[in-house]
Amino acid sequence: MEETTGLLDKIRHHDKLAIALNENCKITLPEDVIRILRKPHRLSFYYFQYLEKGSATFKTDLKEFTINDGELAFGLPNQIFTKLPYDKTMPQYALSFDEHTLTLLPGTYQFLVNPFNTNAITFDPAAQQRIKNLLSGLFQLLHAPGKQRKAEVILAHLHTLLTEFNTAYFEQYQNHKGITGSRLEKYIAFKLAVEIQLTEHHDVQSIADSLALTSNTLYAIVKEFGGVSPKEWITNRLMLEAQRKLQYSNISVKELAYELGFNDPGYFSRLFKKSIGKSISSYLAELKDLSHN
């Protein structure tokens, strides 16, 4: 398992902003970058692939999904991401940028918390055209001859793109599931509270208090959007982090347990087996087999 730390440095990007954009594979990537992208790797940046025409398959944290005409796939920092082989002649855009670049933008983009645990976004025809225009304009800014130093214009394009992505992400659920805004906001706030200090093994009541909710109301909200109780959600999130770390590092079980906030490695191992359905040793053996395929 390889990480993408420094991958942006290997792709042509703006002098001041760690942002890279490829249009229809016009920019030839180095072979070592291609090798990383074709295998499961830990993302160290935000990644977006918009497919104008065609079909492409991806995996995020080993969950496989496919996008088609006018759809977007995205990966978030620390996710295990795989871009499976596809036809490079398909009209497409691949965009990536780092956490620092995100902090320079004027908006907040709640879809990056990924409350619905989906890494694909669909757009209506009008939005598809706007996104294509924005990506094309951004590509020209980043790859025009000579050195481009219009950081404020680049950030304006990126902000508008992320706003389009954010709107479509939530619309695709609101239109089909009748989601109400206030409850969704509380669920997103719950996810953020867990993520900020993941290894502290939050007390559910403390999170409920911080969100001005009763424990029963928090339970109902997390159950509605996450499908499990708040306690189960936190445990599942910790086990996902454990799987990620096992895939991209050679950390021992004892070290992993302590790193994730468990004082008892034995309890951690039992919890992993109960949650994932296999022991850590079996999980590692399967990863080893996959890496040799």
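This report describes the overall make-up of one chain, then one of its strands and one helix residue.

The structure is a predicted model, in which local features need pLDDT of at least 70 and side-chain atom pairs count only at pLDDT 80 or more, while totals for chains, interfaces and linings use all residues. Residues are numbered from 1 along each chain as its sequence is written, and side-chain values use heavy atoms, with hydrogens and water left out.

The chain holds 12 helices and 10 strands, these being DSSP runs numbered from the N terminus (helices H or I, at least four residues; strands E, at least two). Of its 293 residues, 46% count as buried, where buried means under 20% relative accessible area, exposed over 50% and partly exposed in between, with a 1.4 Å probe and protein chains only. About 14,700 Å² of the chain is exposed, and carbon and sulfur atoms supply 50% of that area, as computed by the Shrake-Rupley method with a 1.4 Å probe.

Strand β8, residues 80-83, is covered on both faces, with I80 and T82 buried on one side and F81 and K83 buried on the other. In a regular strand the side chains alternate between the two faces of the sheet. Two strands pair if DSSP finds at least two bridges between them, and β8 has these antiparallel partners:

| Partner of β8 | Residues | Bridges |
|---|---|---|
| β3 | residues 41-42 | two bridges |
| β5 | residues 56-60 | three bridges |

R42 stands opposite I80 in β8, and T60 has F81 as its bridge partner there.

N166 lies in helix α5, residues 151-177, and counts as buried because its relative accessibility is 16%. Leaving aside neighbours within four places in sequence, N166 is in contact (heavy atoms within 4.5 Å) with Y109, Q110 and F111.
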